[in-house]
Amino acid sequence: MGSKYTKRYSAEYRRDAIELVRSSGRTVTEVARELGVSPESLHNWVRRDQADRGEGAPGELTSAEREELKRLRRQNREQRQTNEILKKRRPSS
């Protein structure tokens, strides 16, 4: 399982790391070692960047689509909770 501590990197740092992978001709693992970033994290950043540029796998969501899906799921959950509360308050016939 993952560690309890997750290091956060700025958007600028991620962009620079992605650009280094794209422009250097080196593997993600090599660049990750050089930067002190986990290869899994850098691979995910590169993959997400490719999806955002329309170069991802078929059906892969862009960051904007991923955020919209997250927002809609939250809205749906809140709506279900509201409906449950209203059902409980409704008088029996």
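The predicted model contains 4 helices and 0 strands. Read from the start of the sequence to its end, the order of elements is α-α-α-α. The C-alpha trace spans about 70 × 35 × 25 Å along the principal axes. The radius of gyration of the protein is 20 Å, whereas a compact globule of 93 residues would have a value near 12 Å. Burial was assessed over the 93 residues of the protein, of which 14% count as buried. Among the contacts with a separation of 6 or more, 32% are accounted for by residues 24 or more positions apart.

Aromatic rings were examined next. A pair of aromatic rings is described by two values, the distance of the centres and the angle of the planes. The search of the whole structure gave 2 aromatic pairs. One of them joins Tyr 9 and Tyr 13, with 5.2 Å from centre to centre and 15 degrees between the planes. This pair is classed as stacked, because its angle is under 30 degrees. Tyr 9 has a relative accessibility of 19% and therefore counts as buried, the cut-off being under 20%. Tyr 13, at 29%, counts as partly exposed.

Tyr 9 also pairs with Trp 45, at 5.3 Å centre to centre and with 75 degrees between the planes. Here the arrangement is edge-to-face, because the angle is over 60 degrees. The pair of Tyr 9 and Trp 45 links distant parts of the chain: Tyr 9 lies in the segment before α1 and Trp 45 in helix α3, 36 residues apart. Trp 45 has a relative accessibility of 11%, so this residue counts as buried. Together, Tyr 9, Tyr 13 and Trp 45 form one aromatic cluster.

The empty space around the protein atoms was also analysed. Such space is revealed by rolling a probe the size of a water molecule over the atoms. The largest pocket holds about 570 Å³ of space. Its lining consists of 21 residues, and those closest to the pocket centre are Arg 14, Ser 41, Asn 44, Trp 45 and Arg 48. Two helices, α1 (11-24) and α3 (39-52), are the elements that give two or more residues to this lining. Sorted by class, the lining has 9 charged, 7 polar and 5 nonpolar residues. Trp 45 thus appears in two parts of this description: this residue is among those closest to the centre of the largest pocket, and Trp 45 belongs to the aromatic cluster with Tyr 9 and Tyr 13.

Definitions and conventions:
Residues are numbered from 1 along each chain as its sequence is written. This is a predicted model: local features need pLDDT of at least 70, side-chain atom pairs count only at pLDDT 80 or more; totals for chains, interfaces and linings use all residues. Side-chain values use heavy atoms; hydrogens and water are left out. On a 1 Å grid over the protein atoms alone, a cavity is a set of points where a 1.4 Å probe fits but cannot get out, and a pocket is an open set with protein on both sides within 12 Å along at least five of seven lines; lining residues have an atom within 4 Å of a point. Grid points are joined across faces, edges and corners, and a volume is the space filled by probe spheres set on the points. Ala, Val, Leu, Ile, Met, Phe, Trp, Tyr, Cys and Pro count as nonpolar, Asp, Glu, Lys and Arg as charged, and the others, Gly among them, as polar. Rings of Phe, Tyr and Trp (its six-membered ring) pair if their centres lie within 6.5 Å; planes under 30 degrees apart count as stacked, over 60 as edge-to-face and the rest as tilted. Buried means under 20% relative accessible area, exposed over 50%, partly exposed in between (1.4 Å probe, protein chains only). The radius of gyration is taken over C-alpha atoms; the globule rule is 2.2 Å times the number of residues to the power 0.38. Contact means heavy atoms within 4.5 Å.
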